Amino acid sequence: MEAKQSTGKYWALCFFWLALMIVLLIVYRQFFWLALPGTVTYFAKALRLF
């Protein structure tokens with residue numbers, strides 16, 4: 001049986017990357033794509049998709 005892990009750390013990282021992505025979208029549009037992988041990865045980890 002698998003032990004449940006807390007996902008709070010992953011949610012915090014997801015919101016950090018989301019905020020960074022929004023700032024980059026406003027300030028440096030060409031660098032928006034750099035924050036996208038971090039946002040998607042930690043969102044998936046927070047939902048325990050993998």
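Student: Where does Thr 7 lie, and why is Thr 7 called buried or exposed in this predicted model?

Tutor: Thr 7 is placed in the segment before H1. Its relative accessible area is 16%. Buried means under 20%, so Thr 7 counts as buried.

Student: Which residues is Thr 7 in contact with, leaving aside its neighbours within four places in sequence?

Tutor: Thr 7 is in contact with Lys 45, Ala 46 and Arg 48. Ala 46 is itself one of the buried residues of H2, and Arg 48 lies in the segment after H2.

Student: What is said about the phi of Arg 48?

Tutor: Arg 48 takes a positive phi of about 60°, although Arg 48 is not a glycine. The residue comes just after H2.

Student: Which residues of H2 are buried, and what covers them?

Tutor: The buried residues of H2 are Gly 38, Thr 39, Ala 44 and Ala 46. Their cover includes H1.

Student: Thr 41 is in helix H2 too. Why is Thr 41 called partly exposed?

Tutor: Thr 41 has a relative accessibility of 32%. Buried ends at 20% and exposed begins over 50%, so a value of 32% makes Thr 41 partly exposed. As for its place in space, Thr 41 is 13 Å from Met 21, C-alpha to C-alpha, and the two are 20 residues apart in sequence.

Student: How do you know whether Ala 19 is buried, partly exposed or exposed?

Tutor: Ala 19, found in helix H1, has a relative accessible area of 40%. Partly exposed is the range between under 20% and over 50%, so Ala 19 is partly exposed. Ala 19 and Ala 35 are 16 residues apart in sequence and 9.3 Å apart in space, C-alpha to C-alpha.

Student: What makes Leu 34 exposed?

Tutor: The relative accessible area of Leu 34 is 61%. Exposed means over 50%, so Leu 34 is exposed. Leu 34 is in the loop between helix H1 (8-27) and helix H2 (36-46).

Student: Which residues make the nonpolar surface patch that includes Leu 34?

Tutor: The patch is made by Phe 15, Leu 18, Ile 22, Val 23, Leu 25, Ile 26, Val 27, Tyr 28, Phe 31 and Leu 34, and its area is about 970 Å².

Student: How many aromatic pairs are there?

Tutor: The count comes to 6 aromatic pairs.

Student: Why is the pair of Phe 16 and Trp 17 called edge-to-face?

Tutor: The ring centres of Phe 16 and Trp 17 are 5.9 Å apart, and the planes stand at 75°. Centres within 6.5 Å make a pair, and planes over 60 degrees apart make it edge-to-face. The pair is therefore edge-to-face. Phe 16 is partly exposed at 48% relative accessible area, and Trp 17 is partly exposed at 23%.

Student: What makes Tyr 28 and Phe 31 an edge-to-face pair?

Tutor: Tyr 28 and Phe 31 are 6.1 Å apart, centre to centre, with 70° between the planes. The cut-offs are 6.5 Å for the centres and 60 degrees for the planes. The distance is within the one and the angle is over the other, so the pair is edge-to-face. Tyr 28 counts as partly exposed at 46% relative accessibility, and Phe 31 is partly exposed at 38% relative accessible area.

Student: Which residues form one aromatic cluster?

Tutor: Trp 11, Phe 15 and Phe 43 form one aromatic cluster. Phe 15 also belongs to the nonpolar surface patch.

Student: How many helices and strands does the protein chain have?

Tutor: The protein chain has 2 helices and 0 strands.

Student: Why is the protein chain called more spread out than a compact globule?

Tutor: Its radius of gyration is 13 Å, while the globule rule gives 10 Å for 50 residues. The radius is well over that value, so the chain is more spread out than a compact globule. The C-alpha trace spans about 45 × 15 × 10 Å along its principal axes.

Student: What share of the residues counts as buried, and how much area does the chain expose?

Tutor: Of the 50 residues, 22% count as buried. The chain exposes about 4,200 Å², and carbon and sulfur atoms supply 70% of that area.

Definitions and conventions:
Residues are numbered from 1 along each chain as its sequence is written. This is a predicted model: local features need pLDDT of at least 70, side-chain atom pairs count only at pLDDT 80 or more; totals for chains, interfaces and linings use all residues. Side-chain values use heavy atoms; hydrogens and water are left out. Patches are made of residues with over 30% relative accessible area and no salt bridge: like charges are joined within 9 Å, nonpolar side chains (Val, Leu, Ile, Met, Phe, Trp, Tyr) within 5 Å. Accessible areas come from the Shrake-Rupley method with a 1.4 Å probe; for residues, only the protein chains shown count as cover. A salt bridge is a side-chain nitrogen of Lys or Arg within 4 Å of a carboxyl oxygen of Asp or Glu. Helices (H or I, at least four residues) and strands (E, at least two) are DSSP runs, numbered from the N terminus. Buried means under 20% relative accessible area, exposed over 50%, partly exposed in between (1.4 Å probe, protein chains only). The radius of gyration is taken over C-alpha atoms; the globule rule is 2.2 Å times the number of residues to the power 0.38. Contact means heavy atoms within 4.5 Å. Rings of Phe, Tyr and Trp (its six-membered ring) pair if their centres lie within 6.5 Å; planes under 30 degrees apart count as stacked, over 60 as edge-to-face and the rest as tilted.
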